[in-house]
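Open the structure in your viewer and get your selection tool ready. We'll go stop by stop, and at each one you'll hear what to pick and what is there.

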Amino acid sequence: MQKIKKIPLEKKKYFKNIKKNFYLFFLMFLTVVVIYSPKLFYSSYSIDTERMISKPYETLSWWLSLNRFGLVFLKKILPYGIKIYPLFINWLTYILLVIIIYLLCYLVFNQEKNNFRYMFLGSSLIAITTPITLEQTNFILQSVEVQIAVILQIASVFLLRKGIYNSKKSRVFFFVLSVLLLSFSFSVYQSLVPAFPILAVISVYFETSNKNEKIISLFKKYVTYILLFLVSIILYFLCNKIVHQVFDVIDVGYISYDFQFFKVPLNQFFINTLRVIKHTFFSINTPFLFIITTSYMALLFLLIIFNRNKNLETKVCNLIILSIVAISVFFLIITLGITGPIRSYYPTIPFALFFLSLACFEEIELTSLKRGLFCLTIILAIIQGVFTYKLATTTAIIYKEDVQSANVLKKEFNKLNVTPKDGYKIAVYGGLNRSDIKYTRGEIIGCSLFNYDTNFTLGNSQRISDFLTSQNFRIGFIENPEEYKKMSSEVKNIPQYPDKGFIKIYDNYLLINLSTMP
């Protein structure tokens, strides 16, 4: 791979590049259509989306309390607003995914001839097919907005590069624009924070990887990116503080309150962190296959160490860069002491897979080994793609089952002459076990609305109420935990779902005995 030409991001050159590499764009799009076909051709939604349909402004308020004011802003300005159109949203989401990965390619494309450009195909496909992307985009109430935020983050890098190669006045202008875009992307979804260092590495690494760089020289190339990152973080926190003050928002913490760093003895912290990393990133028993990312890291480490064409200082530089990528990938584990939500690894893992596979290709000297790595990358992309397709199929299966269960409830309501206008509230006890259905389960993917949150003080009454509302049967739910607990004795005498009489009218409540979870 040759040195990147110092070119500005211009619309004509970008589309000229797409035309020149149309095969790559087409194959990425085709891969997305095949792998995510259950999402693209079957209307479905899952956890939390029912809340957006039922109580959209309650969801927006919740996002503000999670420090995602940018997400609220995008939700308000997009043409479809707070409405949920599953098929339209999914198509837009995955078209944006193709654009995102192509933009990564554009960051490192050389406009001159390159005999090994086919590796871009391998790196693109392994980034597109990771199941972690589906775990994030399955939340269709925010999937398009998160993709837009990722594009804005990449755009901030393009603008920064453009400023670097221009006059001082232009440099300041483009830097300010980059700060605004990057800071806003953080406000949409905080998982974009650990993703940015990898994006910066992608932007610089392939420009310098074939040179015997000195550490000071390398640091100078990254200093602008470091400054952009720090200023954007500060601006994000300041804007978030202002939003909280203006709208009187209470920060619920969500993940941040669990931070473990410095809260436990240092030796215990390292032991806990390494244990979680081993369990998460070396396991082959989950559909997310974090081990692929770990394997590429290990391979790149070895290739850097044993590269005979680079001096010691260059090797140290590249190992420092690899360490930055590793810290970004393991960021949640380092800070939380646990794996954290799988969806929070998006777009970090796709960015990391793209960079690591391409960097390994760059470090290999022999053409035959380069071709071997390309074949291995394609095989791994196929393996990931199979898991992702199975997970996507699961979303359609679970939604279908949930709709059928909701229809059973509505039929029972009709038998009891209960209508939405009667003012009844549901109190749901237990949940429905879907273990008799064969499907690949993810973290949230595979969770039925009828067996989620069953351990809460109100069971899953609110979720089922919201889901029934989203299915055109608006009904309230019990909101008093003491009353809910008190009425549990009445439920013992009620048959379990789907036996006749599993719903009982009790005062102003509809007691629903789904079953006892196993």
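What follows is a tour of a predicted model, one selection at a time.

**Stop 1: the nonpolar core**

Start by selecting Phe-355, Phe-413 and Ile-426. The largest nonpolar core has 161 residues, and these three touch the most other members. Now colour helix H7, residues 86-108: with 14 residues, H7 gives this core its largest share.

Zoom in on Phe-413. Which residues does Phe-413 touch, not counting those up to four places away in sequence? Show Val-418, Ile-426, Leu-468, Phe-473, Ile-475, Ile-503, Leu-510 and Ile-512, and you have them.

**Stop 2: the strands**

Ile-426 sits in a good place to move on from. Select strand E1 (425-430) together with strand E2 (476-477) and strand E4 (509-515). E1 runs parallel to E2, and two bridges pair them. To see where they meet, pick Lys-425, which stands opposite Gly-476 in E2. E1 also pairs with E4, again in the parallel sense, this time over six bridges. Here the residues to pick are Val-428 and, opposite it in E4, Ile-512. You've met Ile-512 already, as one of the residues that Phe-413 touches.

**Stop 3: a covered helix**

Next, select helix H20, residues 461-470. How many of its ten residues are buried? Nine are, so to speak, under cover: H20 is mostly covered. Among the buried ones are Arg-463, Asp-466, Phe-467 and Leu-468. To see what does the covering, show helix H4 (49-54), H19, E1, E2, helix H21 (481-491) and E4, which are included in what lies over the buried residues of H20.

Step just past the end of H20 and click Asn-472, where phi is positive, at about 70 degrees. Most residues other than glycine have a negative phi.

**Stop 4: the largest pocket**

Keep Arg-463 selected and add Asp-48, Arg-51, Trp-62 and Asp-453. The largest pocket holds about 700 Å³ of space, and of the 25 residues that line it, these five are the closest to its centre. Which helix supplies the largest share of the lining? Select helix H5 (56-65): H5 gives four residues, the largest share. H20 also supplies at least two. If you colour the lining by residue type, expect twelve nonpolar, six polar and seven charged residues.

**Stop 5: the largest cavity**

Rolling a probe the size of a water molecule over the atoms shows where empty space is left. Across the whole structure, a search turns up two cavities of 30 Å³ or more. The largest cavity has a volume of about 90 Å³. To find it, select Tyr-45, Ser-46, Thr-395, Ile-398 and Cys-447, the closest to its centre of the 14 residues that line it. Helix H19 (residues 367-415) contributes four residues, the largest share of this lining. By type, the lining of the largest cavity divides into seven nonpolar, five polar and two charged residues.

**Stop 6: a serine inside**

Jump to helix H10, residues 143-164, and select Ser-156. Is Ser-156 buried or exposed? Its relative accessibility is 0%, so Ser-156 counts as buried. Show Ser-178, Leu-181, Leu-182 and Phe-196 to see what Ser-156 touches, leaving aside residues up to four places away in sequence.

**Stop 7: unusual backbone spots**

Most peptide bonds are trans. Two exceptions are worth a click. Select Tyr-346 and Pro-347: the peptide bond joining them is cis, with omega about 5 degrees. Pro-347 is in the loop between helix H17 (331-336) and helix H18 (348-363). Then go to Tyr-497 and Pro-498, where the bond is also cis and omega is near 0 degrees. Pro-498 has its place in the loop between H21 and strand E3 (503-506).

Finish with two positive phi values. Asn-67 has phi near 65 degrees and is in the loop between H5 and helix H6 (69-77). Asn-67 counts as buried because its relative accessibility is 13%, under the 20% cut-off. Asp-248 has phi near 55 degrees and lies in the loop between helix H13 (215-247) and helix H14 (266-281). Turn on the surface for this last one: with a relative accessible area of 67%, Asp-248 is exposed.

Terms used:
Residues are numbered from 1 along each chain as its sequence is written. This is a predicted model: local features need pLDDT of at least 70, side-chain atom pairs count only at pLDDT 80 or more; totals for chains, interfaces and linings use all residues. Side-chain values use heavy atoms; hydrogens and water are left out. A nonpolar core is a set of buried Ala, Val, Leu, Ile, Met, Phe, Trp, Tyr and Cys residues joined through side-chain atoms within 4.5 Å. Buried means under 20% relative accessible area, exposed over 50%, partly exposed in between (1.4 Å probe, protein chains only). Contact means heavy atoms within 4.5 Å. On a 1 Å grid over the protein atoms alone, a cavity is a set of points where a 1.4 Å probe fits but cannot get out, and a pocket is an open set with protein on both sides within 12 Å along at least five of seven lines; lining residues have an atom within 4 Å of a point. Grid points are joined across faces, edges and corners, and a volume is the space filled by probe spheres set on the points. Ala, Val, Leu, Ile, Met, Phe, Trp, Tyr, Cys and Pro count as nonpolar, Asp, Glu, Lys and Arg as charged, and the others, Gly among them, as polar. Two strands pair if DSSP finds at least two bridges between them.
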